[in-house]
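Visitor: I should like to learn how to read cavities, strand pairing and helix faces in a model of a protein. Could we proceed feature by feature?

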Amino acid sequence: LVPSASPRVSGAMTAATATARPKFMPSPQAVAELTESATKDMLDRVEAMPLDLPSYGVVEASFVRTGVAPSEGTPPVVLLHGFDSSCLEFRRTLPKLEALGVEAYALDLLGWGFGDTGGGDVSVEAKRAALLEFRRQVLGDRQMTLLGVSLGAAVVIDFNAVHSDAVASAILVDPQGFIDGAPPVPEPFARGGIRVLGSWPLRSLANQLAYADTDAFATDDAIRVGLLHCARPSWEDDSVSWLLGGGYSVSSLVPRLAPKPTAILWGRQDEILPPAEFAPKFVAALPGAAFRWVEECGHSPHLEQPDALAAAVRAFLDSGPDAVAGDDDVSEIVRLANRGALEKLADGVKELDAFLDTPILDPNERGGPLEPLKAFVRSEPETAQVAASVLALTFFFVLARGLVAVLG
């Protein structure tokens with residue numbers, strides 16, 4: 001499973017060379033603040049190639065590739081990042097793929113990342129056209145294995161529905177495919193929201209949600225990396241245009257991936273797209289796909305478990321989806337998703353009962369700011385119980401009055 005780099009193949013199998021750099025790259029000052037060497041190494045390798053898109057004009061594709069030559073019979077892997085991000089999402093996975101001899105390209109989606117859009121269209125259709133032209137100019141019209149993370153999976157689903165002949169296979173990682181569209185927002189509110197999106201506090205919150213091990217991965221450096229592309233001159237206008245365009249609506253298109261070899265990888269601790277809510281939908285839509293849990297991982301296996309993801313890609317290319325290692329048991333979340341209304345109600349009552357039986361305060365745990373209250377509970381347990389009951393009744397009385405007032 002760890003082959004050496006394949007020998008270069010001539011003719012149609014040769015990937016195009018792009019030696020230019022994007023018009024925009026992060027400032028030396030911004031780069032100097034970064035601490036992760038993988039980020040700096042990847043920034044040094046970002047390439048750019050102009051793409052002439054029919055109906056959309058000339059745009060710039062920015063990407064990073066592995067130093068692995070094309071191999072006969074093995075499609076190139078195109079890595080597609082999530083919402084409002086860049087190819088730097090794959091800064092930890094791409095070197096692992098390179099070491100495993102995988103020809104791979106981490107591509108900035110049109111309108112995000114470092115590629116210049118010229119202030120033009122960044123819609124679903126334009127993103128699709130840019131990926132198709134990237135395939136033509138850089139990959140020599142070869143079929144691709146598309147790997148999409150989060151919203152990148154929606155890009156895969158959409159592209160396959162229109163250009164199925166260009167897709168050899170698909171790997172969906174913590175995929176977004178069953179949240180259709182974006183709510184309509186007036187332009188001034190959209191612009192304000194995008195400015196918030198480019199702020200440190202919001203990126204920090206997103207980081208806290210993205211990882212299972214927040215101490216190790218939700219760092220200030222990760223926030224700095226996530227903000228680098230936001231300094232691109234047309235980033236705000238492109239993002240507003242994207243938001244006003246309505247986004248991806250691909251839930252009905254997911255089953256069209258069924259004829260393709262497909263793997264679905266999901267971080268078991270994903271809090272952004274909880275697997276209990278969304279994984280059963282993918283399992284139902286793609287019953288032939290290989291599902292695998294990524295252990296000790298949140299929403300970003302490519303950042304939190306890059307070794308596991310790279311090994312999965314190598315196994316997938318060598319022997320197909322079923323060769324990917326990992327736990328494939330989704331029976332419990334599928335069972336929960338398929339419960340009837342009465343079952344859900346009964347389970348809800350059990351959960352509420354368990355919650356009400358959980359002590360709010362452990363008087364046997366000494367110390368802390370609530371120690372005086374704990375001491376009172378230890379010395380006067382009967383009085384404390386009466387007081388707690390009175391407080392609970394008061395709370396529910398106030399809550400009931402509030403609901404009556406709201407509901408009229």
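Guide: The turns below take the features one after another, and it should be kept in mind that this is a predicted model.

Visitor: Let us begin with empty space. How many cavities of 30 Å³ or more are there?

Guide: Rolling a probe the size of a water molecule over the atoms shows where empty space is left. In this model the count is 2 cavities of 30 Å³ or more. The largest cavity has a volume of about 120 Å³. It is lined by 16 residues, and those closest to its centre are Leu-107, Asp-108, Leu-109, Leu-110 and Ala-130.

Visitor: Which elements each supply at least two residues of that lining, and how do its residues divide by class?

Guide: Strand 2 (57–65) and helix 4 (124–138) each supply at least two residues of the lining of the largest cavity. By class, that lining holds 10 nonpolar, 3 polar and 3 charged residues.

Visitor: What lines the second largest cavity?

Guide: Its lining consists of Phe-83, Asp-84, Trp-112, Ile-194, Ser-239, Trp-242 and Leu-243, around a space of about 30 Å³. Helix 10 (residues 235–245) gives the largest share of this lining, 3 residues. The classes are 5 nonpolar, 1 polar and 1 charged.

Visitor: Where does the largest pocket have its centre, in terms of residues?

Guide: Of the 41 residues that line the largest pocket, Gly-82, Phe-83, Asp-84, Ser-150 and Ile-272 lie nearest its centre. Phe-83 and Asp-84 also belong to the lining of the second largest cavity. The pocket contains about 1100 Å³ of space. Helix 7 (200–210) contributes the largest share of the lining, 7 residues, and helix 9, helix 10 and helix 12 (301–304) are also among the elements that each supply at least two. The lining divides into 23 nonpolar, 14 polar and 4 charged residues.

Visitor: Strand 2 was named earlier. Is strand 2 mostly covered or mostly open, and to which strands is it joined?

Guide: In a regular strand the side chains alternate between the two faces of the sheet. Strand 2 is mostly covered, with 7 of its 9 residues buried. Strand 1 (residues 47–53) runs antiparallel to strand 2 and is joined to it by 7 bridges; in this pairing Asp-52 stands opposite Val-58. The two strands form a hairpin with 3 residues between them, and Ser-55 in the turn has a positive phi of about 80 degrees. Strand 4 (residues 104–107) is also antiparallel to strand 2, through 3 bridges, with Val-64 opposite Ala-106.

Visitor: Which residues of helix 2 are buried, and why do they line one face?

Guide: In helix 2 (residues 37–44), the buried residues are Ala-38, Thr-39, Met-42 and Leu-43. Viewed down the helix axis, these residues fall within an arc of 135 degrees, and therefore they line one face of the helix. The face turned away from them carries the exposed residues Ser-37 and Asp-44. The buried residues pack against helix 1 (28–32), strand 2, helix 3 (93–99), strand 4 and helix 9 (220–227).

Visitor: As a last case, is His-163 buried or exposed?

Guide: A residue is called buried under 20% relative accessible area. His-163 has 18%, and is therefore buried. It lies in the loop between helix 5 (151–162) and strand 6 (167–173). Apart from neighbours within four places in sequence, His-163 is in contact with Arg-128 and Leu-132.

Technical notes
Residues are numbered from 1 along each chain as its sequence is written. This is a predicted model: local features need pLDDT of at least 70, side-chain atom pairs count only at pLDDT 80 or more; totals for chains, interfaces and linings use all residues. Side-chain values use heavy atoms; hydrogens and water are left out. Helices (H or I, at least four residues) and strands (E, at least two) are DSSP runs, numbered from the N terminus. Buried means under 20% relative accessible area, exposed over 50%, partly exposed in between (1.4 Å probe, protein chains only). Contact means heavy atoms within 4.5 Å. On a 1 Å grid over the protein atoms alone, a cavity is a set of points where a 1.4 Å probe fits but cannot get out, and a pocket is an open set with protein on both sides within 12 Å along at least five of seven lines; lining residues have an atom within 4 Å of a point. Grid points are joined across faces, edges and corners, and a volume is the space filled by probe spheres set on the points. Ala, Val, Leu, Ile, Met, Phe, Trp, Tyr, Cys and Pro count as nonpolar, Asp, Glu, Lys and Arg as charged, and the others, Gly among them, as polar. Two strands pair if DSSP finds at least two bridges between them. The arc is that of the directions from the helix axis to the C-beta atoms.
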